[in-house]
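Hi everyone, thanks for coming. Could you pull up the structure on your screens so we can walk through it together?

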Amino acid sequence: MLWPGSTALANLLRGFNWRGCRLQRSAKSIFVFWVPLAATWLMMSVEGPLLAAIIARLADPKFNLAAYGVAFSFAVLVEAPVIMIMSASTALVEDAASYRKLRNFTYALNGGITVLMLVLVLPPVFRFIAEGLIGLPENVADLTHVSLVILLPWPAAIGYRRFFQGLLIRDGRTRLVAYGTVIRLAAMTLTAFTLFIWRQPPGAYLGAWALCAGVCGEAVAARLMARGTVGSLLGTVAAYEQLDYRRITHFYLPLAFTSTLTLAVPPLVTFFMGRARFPVESLAVLPVVNSLAFIFRSMGLSYQEVAIALLGKRNEHVRELGRFALILGLAASGGLALIGFTPLARVWFEIVSGLTPELSAFAIPPTRILAVIPALSVLLSFQRAILVNGRYTKPITAATIIEVSGILASLLALTQGLMLIGATAAAIAFTAGRVGANAYLIPACLRVVRVSTDVAGTDSPTAAA
């Protein structure tokens, strides 16, 4: 069954006949542009398993793994407002004036989240949250606190490097983004192994130092790699339509709220898992299942900036990018389905991931349910790209609210009403929430594309207005 509005979208894409559009986007050119960014996401998926494997080989692994996980969750929540800066710089920076305005906006946002981190690590505040609200044991809370102090520069470094990476993507230099990720992994790995061999600190501290070193190294590399792009921008004349801070804020706030809301989901899912059937088994297998799904979802996550950069000012290349998204989504979901519905599932979960046969049996059903998620992720990235390119970001936030609400409502019904196994209920909830978000965005995307079509069909600014 096709999703609502798919026929209208297909007819619209088939009917495109852009006047004055000379440059076509071939599948090969889109693929070449996309591959380095996909490789970047795939490489980033290695970080967590690598650091966890090292921490597990140090003293008190259970407590340190727990502290590292909590500290990482706190840091990710704090960095959430700057995650979409890459999309913003890809979409908004066109000349010297817009570069300076968005750069200053990014620096101000980085300063704000750094202040938030500083407040979070204040002993009274941290103790209230970690021990009072979450209920962490005192030894885990102490390890988490020091780890967060080490991670103080981390969120701002994320925002800094994503701003310059967005400039590189806009300039078509996606390979440099991938090279930056290689530098990040190298710095992280070198730091982790050096500390492991020479100092043997608590594992949570090692993980925090390694993460911080990797991201800071990548941030410096991104700035150096973007020197040519920045130099070209500083030599450009300001566009007819000036970008000001009010417009940046109006454009970016929905994106920041979207990423923050999205990153609040995992703690809520953990809450429901603890109250579902087979809670321990579900909590044990869900991270393993999500890690596998993330490998295939990364193809969609990397497509958003690709589409923003290649759609064109009037979305004139939506047809070619839509076709590529369809192929990419089918390939991504097909890959996950190939593992979930064949004997490869046992190979992955029992041999590669090290789960017992009992836990592997809990992991296979949610994996099969999540097989559609990679395709839906590609679709969501494509939809968001159309809206970001059209400077119409409010529906993205609304879609995220629908997705999160759908996940929570589904979890409540499935775990407390139907009493499903927690991991299976989570997979169904994730899928239901994502379908709701995709469906909601279809009319908004159609509207943006239609407006672009009307504007592109006019011969003068007056007629377009």
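I'll talk about a patch on the surface, then about aromatic rings. Keep in mind that this is a predicted model.

Okay, the surface first. Which residues make the nonpolar surface patch? They are L338, L344, V347, I351 and V352, and together they make a patch of about 470 Å². If you want to know where to look, go to helix α18, residues 344–352, which gives the most to this patch, with 4 residues. V347 has its place in that helix. And is V347 buried, partly exposed or exposed? With a relative accessible area of 39%, V347 counts as partly exposed, because that label covers anything between 20% and 50%.

Now the rings. The structure holds 14 aromatic pairs. Let's take one of them, Y68 and F72: the ring centres are 6.3 Å apart and the planes meet at 25°, so we call the pair stacked. The cut-off there is planes under 30 degrees apart. Both residues are in helix α4, residues 61–79, and they are separated by about one helical turn because they sit 4 residues apart. As for their surroundings, Y68 is buried at 12% relative accessible area, whereas F72 is partly exposed at 33%.

There's also an aromatic cluster to find on your screens: F31, W34, Y303, F324 and F382 form it together.

One last ring, this time with a charge. What lies over the face of Y245? That's K101, at 5.5 Å from the ring centre.

Okay, that's my tour, so over to you.

Conventions. Residues numbered from 1 in each chain as written. Predicted model: local features only at pLDDT ≥ 70, side-chain atom pairs only at ≥ 80, totals over all residues. Heavy atoms only, no water. Patch = residues over 30% accessible without salt bridge, like charges linked within 9 Å, V, L, I, M, F, W, Y side chains within 5 Å. Areas by Shrake-Rupley, 256 points an atom, 1.4 Å probe, with all protein chains shown as cover. Salt bridge = Lys/Arg side-chain N within 4 Å of Asp/Glu carboxyl O. Helix = DSSP H or I, 4+ residues; strand = E, 2+ residues; numbered from the N terminus. Buried < 20%, exposed > 50% of the residue type's maximum accessible area, 1.4 Å probe, protein only. Phe/Tyr/Trp six-rings, centres within 6.5 Å; stacked < 30°, edge-to-face > 60°. Lys NZ or Arg CZ within 6 Å of the ring centre and 35° of its normal.
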